[in-house]
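Hello,

I am passing a structure over to you, with some notes to read beside it. Please have a look at it first, then read on.

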Amino acid sequence: MSATADGEQLAVKEWKLRLYLYETGPKTTAWLVLDTGDNILETRGHAHRNPQDAPVPEIGDELAVGRALAAMGRLLIHDAAMDIEGVGAGHLPREE
């Protein structure tokens with residue numbers, strides 16, 4: 001730990017994110033594993049190329065990873081909302 005400019009203690013955490021991409025023909029799957037040190041969370045995202053489209057693997061990768069990351073974001077927000085309720089601090093306001 002180190003101090004900030006105003007003398008407060010700065011806590012630094014490291015979360016480890018592993019990303020695995022699987023391609024099978026026109027299908028791409030991204031598997032995300034987030035290790036927070038306290039929990040391990042997993043999500044998946046999928047992409048499927050239309051058979052008439054040219055094979056551009058980067059597009060499938062981007063879609064699958066983007067979807068897995070979006071799912072991870074939703075999972076983290078849900079878990080935070082459950083933790084907030086669990087400590088009796090009310091409810092997490094819904095984002096517009």
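Below is what turned up, going from the sheet to the helix, the core and the pocket.

Please keep in mind throughout that this is a predicted model.

Let me start with the sheet. Three strands form an open sheet in the order 3-4-5, and the pairing is antiparallel. Strand 3 (16-24) and strand 5 (40-48) are the edge strands, each with pairing on one side only. From one strand to the next, the twist averages 15°.

The two pairings can be followed residue by residue. Strand 3 and strand 4 (residues 27-35) run antiparallel and share nine bridges; here Tyr22 sits opposite Thr29 of strand 4. Strand 4 is also joined to strand 5 by nine bridges, again in the antiparallel sense, and Asp35 stands opposite Ile40 of strand 5. The hairpin made by strand 4 and strand 5 has four residues between the strands, and one residue to look at there is Gly37, with a positive phi near 95°.

Next comes the helix. Helix 1 (residues 57-86) packs on the sheet and touches strand 3, strand 4 and strand 5, and its direction makes about 145° with that of strand 5. Side chains in a regular strand alternate between the two faces of the sheet. Strand 5 is a good place to look at its two faces: Leu41, Thr43, Gly45 and Ala47 are on the covered face, while Ile40, Glu42, Arg44, His46 and His48 are on the uncovered one.

What makes up the largest nonpolar core? It has nine residues in all: Ala30, Leu32, Leu34, Leu41, Ala47, Ala64, Val65, Ala68 and Met72. Strand 4, strand 5 and helix 1 are the elements that give two or more residues to this core, and helix 1 has the largest share, with four residues. Ala64 is a nice residue to click on: leaving aside residues up to four places away in sequence, Ala64 touches Thr28, Thr29, Ala30, Gly45, His46 and Ala47.

Last, the pocket. The largest pocket has a volume of about 250 Å³. Among the 15 residues lining this pocket, Arg49, Val56, Pro57, Ile59 and Gly60 are the closest to its centre. Strand 5 and helix 1 are the elements that each give two or more residues to the lining, and the largest share, four residues, comes from helix 1. Helix 1 thus turns up in both places, with the largest share of the core and the largest share of the pocket lining.

Enjoy looking around, and best wishes.

Technical notes. Residues are numbered from 1 along each chain as its sequence is written. This is a predicted model: local features need pLDDT of at least 70, side-chain atom pairs count only at pLDDT 80 or more; totals for chains, interfaces and linings use all residues. Side-chain values use heavy atoms; hydrogens and water are left out. Two strands pair if DSSP finds at least two bridges between them. Axes are lines fitted to C-alpha atoms, for helices over the stretch in contact, and angles run from 0 to 180 degrees between N-to-C directions. Contact means heavy atoms within 4.5 Å. Buried means under 20% relative accessible area, exposed over 50%, partly exposed in between (1.4 Å probe, protein chains only). A nonpolar core is a set of buried Ala, Val, Leu, Ile, Met, Phe, Trp, Tyr and Cys residues joined through side-chain atoms within 4.5 Å. On a 1 Å grid over the protein atoms alone, a cavity is a set of points where a 1.4 Å probe fits but cannot get out, and a pocket is an open set with protein on both sides within 12 Å along at least five of seven lines; lining residues have an atom within 4 Å of a point. Grid points are joined across faces, edges and corners, and a volume is the space filled by probe spheres set on the points.
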